[in-house]
Number of protein chains: 2
Amino acid sequence: MSLQPVLLAGQWRPASAAGTFRAENPATGETLPDEFPVSSWSDCELALDAAAAAATELRAALPKQIAGFLTRFAGRIEARSAELAAIACLETALPQKPRLIEVELPRTTGQLRQAAAAVLDGSWAVPTIDTKLNIRSLLAPVGPVLVFGPNNFPFAYNGVAGGDFAAAIAAGNPVIAKAHPCHPKTTQRLAEEASFALGECGLPAATVQMLYHLAPADGLRFVADLRLGAVGFTGSRAAGLQIKAAADAVGRPVYLEMSSLNPVVILPGALAERGGAIAGELAGSCLAAGGQMCVSPGLTMLFAGEAAEQFIQTVKVKLESTPPATLLSSGVAANLAASVKKLQAAGAELVTGGFGVGRNCFANTLLRANGEQFLADPNPLQTEAFGNATLIVVVRDADEAQAVVCRLEGHLTGSVYSSMSGADDALYARLAPLLRGRVGRLLNDKMPTGVAVTAAMNHGGPFPATGHPGFTAVGFPAALRRFTMLQCYDNVRSARLPVALQNRNPNGSLWRLVDGQWTQADITG
Amino acid sequence: MSLQPVLLAGQWRPASAAGTFRAENPATGETLPDEFPVSSWSDCELALDAAAAAATELRAALPKQIAGFLTRFAGRIEARSAELAAIACLETALPQKPRLIEVELPRTTGQLRQAAAAVLDGSWAVPTIDTKLNIRSLLAPVGPVLVFGPNNFPFAYNGVAGGDFAAAIAAGNPVIAKAHPCHPKTTQRLAEEASFALGECGLPAATVQMLYHLAPADGLRFVADLRLGAVGFTGSRAAGLQIKAAADAVGRPVYLEMSSLNPVVILPGALAERGGAIAGELAGSCLAAGGQMCVSPGLTMLFAGEAAEQFIQTVKVKLESTPPATLLSSGVAANLAASVKKLQAAGAELVTGGFGVGRNCFANTLLRANGEQFLADPNPLQTEAFGNATLIVVVRDADEAQAVVCRLEGHLTGSVYSSMSGADDALYARLAPLLRGRVGRLLNDKMPTGVAVTAAMNHGGPFPATGHPGFTAVGFPAALRRFTMLQCYDNVRSARLPVALQNRNPNGSLWRLVDGQWTQADITG
């Protein structure tokens with residue numbers, strides 16, 4: 001069987017391959033039939049030149065063309081949903097139903113359509129006009145965006161169809177997608193539909209390009225290339241930190257989502273009041289998608305006592321009575337086993353699980369440690385065990401709880417469960433502000449899994465969860481901001497201004513900050 | 001004379017000094033009498049602990065307290081303006097009038113008052129509310145901000161009174177200022193007034209702290225400390241890149257303004273039409289403040305021909321007929337001489353100047369090169385010659401002009417002069433979009449000096465002008481964004497929400513993005 005082509009400069013063409021690979025069906029261990037190239041640097045060169053040219057052409061594109069592309073692409077994904085789900089299921093072992101077809105695919109097309117709506121609205125660019133001085137500014141496309149998709153969402157975070165892709169395109173940038181090598185065929189199918197949709201909307205054919213795999217050194221060289229505008233990455237901390245270093249060295253904006261334990265704090269009143277129900281929520285949340293979610297709860301804090309022991313027992317029973325999911329790949333399975341060992345080496349004790357149970361499958365795993373252990377060396381006990389394992393830290397009292405919260409690294413989310421009667425309010429007031437600064441999203445009485453794609457969402461947080469605490473990867477229009485630069489026009493003649501900055505409101509509904517007031521009106525001069 | 005005290009943890013106290021230094025009067029070469037400490041790491045420790053505590057306390061401060069502080073501080077600076085200007089003049093050789101008293105001081109107090117207005121308004125936090133899902137988010141203080149002030153604006157960019165300071169405080173963060181060692185006494189006087197103003201407003205005394213000097217290694221350790229929220233830096237590229245590397249390694253947000261040539265492109269029609277006037281503007285702009293401005297025009301592009309030669313001649317005459325300013329320090333003078341030598345080594349030819357003329361004074365200097373020389377090795381000819389020197393690059397034709405623009409690094413500004421008759425419009429359409437992506441602020445028919453402090457201003461630009469093209473250091477409220485993190489509240493009980501996210505609009509005038517619409521209304525329901 002011949003080597004699969006890459007999508008470069010508007011064409012499916014043979015890669016300049018430095019090597020080849022095949023994906024594996026994680027459920028069976030079978031090597032899947034298609035052979036994919038590891039691109040050499042000359043493919044990257046071609047992609048970068050084509051993307052730079054497309055970035056220039058895209059400046060002339062109308063909002064309705066870009067929105068049209070995103071919408072048509074969404075429609076095309078839907079039309080091919082059964083096939084896409086079947087392929088993705090083979091490559092990831094994620095169930096077709098409900099996960100792939102009923103949850104992830106609609107989320108993906110929903111994101112593309114929300115991005116399209118943001119393009120048509122235009123307010124994401126924060127057009128700001130000072131009429132007296134004739135100084136005007138807006139957020140503008142930053143240039144070609146290289147998107148590294150992760151293993152855990154073959155559609156919704158795919159480099160060629162997911163959230164980073166949608167945001168980068170909506171902001172007016174071409175995208176070069178680096179597929180995740182665990183699901184190359186899924187990515188290829190998505191790229192095919194993107195390519196068809198581009199042609200239907202008259203956008204530059206190189207607006208979307210896709211490579212399957214790169215040697216690590218080429219990936220880092222790519223990140224640092226001057227033709228690039230920005231980088232989006234979702235994946236492991238180890239890879240993310242390398243990409244961050246390469247980008248930082250040349251001042252390239254890079255947005256990374258690298259790791260998170262999503263701590264859950266259960267206060268004593270809530271534990272007494274509804275510990276059983278919360279234990280059920282925790283078990284459900286940490287087993288969702290085999291625990292392979294960015295916002296899977298990896299660390300839960302309980303206050304020592306009989307109720308805590310009962311809670312742990314309930315979670316244990318739930319985990320033991322639920323069949324473990326097949327993990328995304330043998331790599332995930334091996335990393336999970338290693339991470340659990342690392343947690344044990346750091347003093348955590350196994351409550352249940354901790355061993356493999358067949359191909360790419362690991363027993364649902366619960367570990368526990370106490371606050372003293374955590375405080376003795378907080379970082380090893382914050383090892384992310386990506387998959388169906390979770391740690392409970394039992395603290396002695398409020399002082400120890402506070403100390404633990406103060407030693408948390410940056411995470412995407414933090415949840416606090418408190419009594420409905422007000423019994424925990426003083427403790428909440430003490431701990432929540434400390435947790436607040438360490439997470440991007442603070443939740444009450446709710447597990448972190450389930451990231452709504454909505455304007456106020458923050459899927460981000462302090463380092464090392466991400467590379468910058470000011471940006472979100474999910475939610476429109478905020479997610480677009482990552483792929484922009486601030487452009488100011490000072491005394492620029494009116495016909496030369498971007499339409500969003502001209503006196504007339506271009507679509508009658510664009511929100512602009514004119515002389516300090518948000519308005520949808522024209523500027524009368 | 002005893003060692004001057006530092007302002008740490010709310011008190012003027014003796015430094016834990018690793019060394020001492022005195023400032024120099026650049027006009028006379030005299031060492032000024034006061035002796036200042038180089039703080040050792042234990043001062044930094046104290047500052048960091050106190051700032052972390054102040055950050056927590058500041059969360060409870062009311063907008064009117066923070067705004068009150070900024071306003072009172074401005075008033076106190078004004079009340080002491082004659083003394084401040086006299087001290088700053090001694091330390092920097094910048095003239096008291098008009099520069100220090102009539103221009104820089106009002107800009108500084110104006111910035112503090114604009115920051116206060118932004119605090120009272122509150123809309124800078126972009127409160128975003130999705131009512132159906134009860135997900136709410138805003139920009140919140142990021143934590144203690146370390147501000148490194150530059151040498152060239154003893155008031156307006158001072159770490160303890162300037163733009164970064166005002167923005168960081170307005171966003172709700174304590175500031176630790178690292179004075180520029182060229183003007184320690186100016187900084188001390190400003191810190192005194194800040195400290196008095198804090199006491200009058202009931203804010204934590206450690207909201208403002210100040211050190212004069214640090215060993216470079218301690219500075220980098222400071223930048224990377226976990227207690228810090230963000231770093232603001234204005235200064236040289238060499239120092240900025242070191243600070244960036246230290247911050248990036250730990251994922252610390254860092255905002256740097258490092259260098260810029262502020263290219264000016266004069267198209268042939270404009271040159272023919274009004275070359276003499278533009279030459280006068282260029283000479284005036286590049287000599288303003290002895291050329292020691294972030295936005296001083298350091299590189300001008302002309303199209304070859306008689307008009308270009310005449311332009312160069314006019315600039316030469318203007319430079320030769322204007323007495324050179326005393327530079328800010330012997331360091332600036334030495335660097336300027338070295339940079340001019342570097343430009344010459346890269347092929348630039350001296351048109352006038354190029355030599356020292358007495359103490360800390362350098363002849364007004366004009367260099368020229370041609371497009372071919374520039375294109376042969378573009379970076380050496382983009383050496384920043386900070387001070388009263390500027391380079392003209394003469395290009396052969398439009399193709400060469402385009403090639404030169406495409407090799408420009410990132411700069412703060414780019415100006416294009418074009419004919420009023422439309423004769424340059426085609427050339428503008430070709431070159432301006434290329435220049436656009438390489439600069440933060442694009443100007444027409446205007447020199448870059450003179451940065452209006454206004455909402456639409458962008459004092460920023462792509463690397464290496466700054467560390468990130470998405471942020472501005474000047475202009476309220478946009479400048480606040482740098483010192484924030486995005487905080488989302490998911491299902492958080494209403495009484496626990498920040499007031500800006502509660503259903504009631506807290507001041508009746510706060511702009512909030514509620515279900516996709518900007519509104520100042522309360523949320524009902």
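Chain B of this predicted model superposes on chain A by a rotation of 180 degrees with 0.0 Å of shift along the axis, at an RMSD of 0.0 Å. The two copies are therefore related as by a two-fold rotation axis. The scores for the model are ipTM 0.98 and pTM 0.98. In chain A the average pLDDT is 97, and 100% of the residues score at least 70.

**The contact between the chains**

Chain A and chain B each put 54 residues into the contact. On the side of chain B that touches chain A, at least two residues each come from strand 5 (128-130), strand 6 (135-141), helix 14 (425-436), strand 18 (439-444) and strand 19 (484-490) of chain B. Strand 19 of chain B gives the largest share of that side, seven residues. By residue class, the side of chain B that touches chain A holds 26 nonpolar, 18 polar and 10 charged residues. Of the interface residues of chain B, 100% are also interface residues in chain A, so the copies meet through the same surface.

Strand pairing crosses this contact: strand 18 of chain A (residues 439-444) runs parallel to strand 19 of chain B, with three bridges between them. Opposite A:L443 stands B:D490, a residue of strand 19 of chain B.

**Strand pairs**

The table sets the pair across the contact beside a pair within chain A.

| Strand | Partner | Sense | Bridges |
|---|---|---|---|
| Strand 18 of chain A (residues 439-444) | Strand 19 of chain B | parallel | three bridges |
| Strand 7 of chain A (residues 145-148) | Strand 8 of chain A | parallel | four bridges |

**Inside chain A**

In the pair formed by strand 7 and strand 8 of chain A, A:L146 has A:I176 in strand 8 as its bridge partner. Is A:I176 buried or exposed? A:I176 is buried, as is A:K178 on the same side of strand 8 (residues 175-178). A:V175 and A:A177, on the other side, are buried too, and both faces of the strand are thus covered. In a regular strand the side chains alternate between the two faces of the sheet.

**The nonpolar core**

The largest nonpolar core contains 359 residues. Those with the most contacts inside this core are A:L70, A:A115 and A:A170, together with B:L70, B:A115 and B:A170. Leaving aside residues up to four places away in sequence, A:A115 touches A:L70, A:A166, A:A167, A:I169, A:A170 and A:F476. In soluble globular proteins, nonpolar side chains tend to be buried together.

Key
Residues numbered from 1 in each chain as written. Chains lettered and ligands numbered in written order. Predicted model: local features only at pLDDT ≥ 70, side-chain atom pairs only at ≥ 80, totals over all residues. Core = buried A, V, L, I, M, F, W, Y, C linked by C-beta atoms within 7 Å. Buried ≥ 20, exposed ≤ 12 C-beta atoms within 10 Å, placed from the backbone. Contact = placed C-beta atoms within 7 Å. Least-squares fit on C-alpha atoms with pLDDT ≥ 70 in both. pLDDT = per-residue confidence, 0-100. Nonpolar A, V, L, I, M, F, W, Y, C, P; charged D, E, K, R; others polar. Pairing = 2+ DSSP bridges.
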